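Biologist: Could you take me through one part of this model up close? I'd like to hear what sits where and what touches what.

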Amino acid sequence: MLTFSFLTLFPELLAPFASEAILGKAAARGLIAVRLVNMRDFADNKHLKVDDTPYGGGAGMVIRPDVAERALASLPPADEVILFTPAGERFTQRTAEELSHKSHLAFLCGRYEGFDARVETLVTRELSLGDFVLMGGEAAAACVLEAVARLRPGVLGDEASHRHDSFSSGLLDYPEYTRPPEWRGHAVPEVLRSGHHGAIERWRREQALARTLARRPDLLPGAGLTPQDSAALLALGATPEDLAAWGAPPPPAPRRTPSRKPKQGGER
């Protein structure tokens, strides 16, 4: 079981997210556990005050490091103690996959102007969802909880489904279709209704390459491209220089058609 411990000033924001839908079912089955720790319980004063004005002046309030330390000390040892901060490394699918192999993750969810900088000495990792600012770490915590928990064995109904997700293969996911076969003049691609599994797999790979090339070409250098992928990318408009920049292997050499030898003595 993987345990997620969230240290927050607003546990009520995370409680419904962690208890409903697939996450709630996974917790009920003992596949994951979510522990919500209210940092106000460790304020050590009758007003449950956890923050104070910043030294040197400035707007807002800062969460005290001693409060965070006492809250962390109430937990069993964690494999990772993670702080959400704009200065952290970008959270990616690979990060989620790495964290999914742990047994206990503790997260510090800030508010106001964040934590006293000395809290960084208590953490093993700093994470950011991207180049934007939230009012607190709870929304980021919900995203990380779902991204990591769904990778645990048994959480998803289809064990293989997450392996085809966007970013899991290094590419954006291919487009999906369901009934009706035609809708507002848009038909489901014929190959998906052909029953030819090999052709379907090739089509899906080519579509994933096309989407990634058009929308997120920055992902291609880490996508583990094959010679067949290189040929498909060239057909989609990429150049040999692009392939070299992405570290892609050369496309397969074209097959040579054997030449016909003339018959001995000539032909009549």
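Modeller: Sure, here is a walk around helix 7 and its neighbours, with the helices taken as DSSP runs (H or I, at least four residues; strands are E, at least two) numbered from the N terminus. First the housekeeping: this is a predicted model, so to speak, where local features need pLDDT of at least 70 and side-chain atom pairs count only at pLDDT 80 or more, while totals for chains, interfaces and linings use all residues. Residues are numbered from 1 along each chain as its sequence is written, and side-chain values use heavy atoms, with hydrogens and water left out.

Helix 7 covers residues 227–235, and Asp229, Ser230, Ala232 and Leu233 are its buried residues (buried is under 20% relative accessible area, exposed over 50%, partly exposed in between, with a 1.4 Å probe and protein chains only). They share one side of helix 7 because they span an arc of only 165 degrees around the axis, the arc being taken from the directions from the helix axis to the C-beta atoms. An α-helix has 3.6 residues a turn, so residues three or four places apart point the same way. On the face turned away from the buried side of helix 7 you'll find Gln228 and Ala235, both exposed.

What does that buried side lean on? The buried residues of helix 7 pack against helix 6 (197–215) and helix 8 (240–246), where contact means heavy atoms within 4.5 Å.

Take helix 6: its axis is 10 Å from that of helix 7, and the two pack at an angle of about 55 degrees. Axes here are lines fitted to C-alpha atoms, for helices over the stretch in contact, with angles from 0 to 180 degrees between N-to-C directions. Helix 6 and helix 7 are therefore oblique to each other (under 35 degrees is roughly parallel, over 145 roughly antiparallel, 65 to 115 roughly perpendicular, the rest oblique). On the helix 6 side, Arg205, Glu206, Leu209 and Leu213 meet Asp229, Ala232 and Leu233 of helix 7. By class, that contact has four nonpolar, no polar and three charged residues; Ala, Val, Leu, Ile, Met, Phe, Trp, Tyr, Cys and Pro count as nonpolar, Asp, Glu, Lys and Arg as charged, and the others, Gly among them, as polar.

Asp229 deserves its own look: it counts as buried because its relative accessibility is 4%. Leaving aside residues up to four places away in sequence, Asp229 touches Arg205, Leu209 and Gly224. Lastly, Gly237 follows helix 7 and has a positive phi, near 115 degrees.
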